[in-house]
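Work through the exercises below with the sequence and the coordinates at hand. Each task is followed by a solution in steps.

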Amino acid sequence: MPSLYVGDILYGYCGGCFDDSYNEKIVLHVGRDYVVVREQFTGDALLYNGNPANLTEYLTKEEYA
């Protein structure tokens with residue numbers, strides 16, 4: 001299973017983990033049970049409370065047909 005690191009980019013909606021953010025998010029900090037990101041369009045810092053491993057599926061940009 002891939003890990004989440006500072007500097008990684010999370011793509012898309014991320015299952016709603018960051019409210020209404022559909023834009024790319026850069027990982028600023030990874031804690032044991034939280035992740036802080038910066039939303040690239042607005043520059044807002046956003047917080048996810050939960051296991052960082054739950055976000056690794058969003059490291060890959062989805063391609064839409």
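The model is predicted.

**Exercise 1. Connection of two strands**

Task: State what joins strand 2 to strand 3, and through how many residues. Then describe the pairing of these two strands.

Solution. Step 1: the connection is a hairpin, and 3 residues lie in it between strand 2 and strand 3.

Step 2: strand 2 covers residues 25–30 and strand 3 covers residues 34–39. The two pair in the antiparallel sense, over 5 bridges.

Step 3: individual bridges can be located. Ile26 has Arg38 as its bridge partner in strand 3, and Val30 has Val35.

**Exercise 2. The sheet as a whole**

Task: Give the strand order of the sheet and say whether it is open or closed. Which strands stand at the edges?

Solution. Step 1: the sheet is open and has 4 strands in the order 1-2-3-4, with antiparallel pairing.

Step 2: strand 1 (9–10) and strand 4 (45–49) stand at the edges. Each has a single partner strand, so one side of each is left without a neighbour in the sheet.

Step 3: at the strand 1 edge, 2 bridges join strand 1 to strand 2, and the two run antiparallel. Leu10 has Lys25 as its bridge partner in strand 2.

Step 4: as background, strands of a sheet pair through backbone hydrogen bonds, in either a parallel or an antiparallel sense.

**Exercise 3. Chain composition and overall dimensions**

Task: How many helices and strands does the protein chain have? Compare its radius of gyration with the value from the globule rule.

Solution. Step 1: the protein chain has 0 helices and 4 strands. Along the sequence the pattern reads β-β-β-β.

Step 2: the radius of gyration is 11 Å, close to the 11 Å that the globule rule gives for 65 residues, so the protein chain is as compact as a globular protein of that length.

Step 3: the C-alpha trace spans about 35 × 30 × 20 Å along its principal axes.

Step 4: of the 65 residues, 28% count as buried. The accessible surface of the protein chain is about 4,400 Å², and carbon and sulfur atoms account for 49% of this.

Step 5: take the contacts between residues at least 6 apart in sequence; 31% of them join residues at least 24 apart.

**Exercise 4. The salt bridge**

Task: Which residue forms a salt bridge with Glu24? Place both residues relative to the strands.

Solution. Step 1: the structure holds 1 salt bridge. Glu24 forms it with Lys61, and the closest N and O atoms are 3.8 Å apart. This distance satisfies the cut-off of 4 Å.

Step 2: Glu24 lies in the loop between strand 1 and strand 2, and Lys61 in the segment after strand 4, so the pair ties together parts that are 37 residues apart in sequence.

Step 3: Glu24 is partly exposed at 29% relative accessible area. Lys61 also counts as partly exposed, at 49%.

**Exercise 5. Surroundings of His29 and Leu47**

Task: Which residues is His29 in contact with, leaving aside neighbours within four places in sequence? Which does Leu47 touch, on the same condition?

Solution. Step 1: His29 lies in strand 2 and is partly exposed, with a relative accessible area of 37%.

Step 2: the contacts of His29 are Val6, Tyr34, Val35 and Val36. Val6 is 23 residues away along the chain, with a C-alpha separation of 5.7 Å. With Tyr34, the His29 side chain makes a polar contact to the side chain at 3.1 Å.

Step 3: Leu47 belongs to strand 4 and is partly exposed at 48%.

Step 4: Leu47 touches Cys17, Phe18, Tyr34, Val35 and Val36. From Leu47 to Tyr34 the C-alpha distance is 7.1 Å, with their positions 13 residues apart in sequence.

**Exercise 6. Thr56**

Task: Is Thr56 buried or exposed? Where is Thr56 placed in the chain?

Solution. Step 1: the relative accessible area of Thr56 is 10%. The cut-off for buried is under 20%, and Thr56 is therefore buried.

Step 2: Thr56 is in the segment after strand 4.

Step 3: a polar atom of the Thr56 side chain lies 3.0 Å from the backbone oxygen of Ala53.

Definitions and conventions. Residues are numbered from 1 along each chain as its sequence is written. This is a predicted model: local features need pLDDT of at least 70, side-chain atom pairs count only at pLDDT 80 or more; totals for chains, interfaces and linings use all residues. Side-chain values use heavy atoms; hydrogens and water are left out. Two strands pair if DSSP finds at least two bridges between them. Buried means under 20% relative accessible area, exposed over 50%, partly exposed in between (1.4 Å probe, protein chains only). A polar contact is a pair of N or O atoms within 3.5 Å; within protein, one must be able to donate a hydrogen and the other to accept it, and residues adjacent in sequence count only if both atoms are side-chain atoms. The radius of gyration is taken over C-alpha atoms; the globule rule is 2.2 Å times the number of residues to the power 0.38. Contact means heavy atoms within 4.5 Å. Accessible areas come from the Shrake-Rupley method with a 1.4 Å probe; for residues, only the protein chains shown count as cover. A salt bridge is a side-chain nitrogen of Lys or Arg within 4 Å of a carboxyl oxygen of Asp or Glu.
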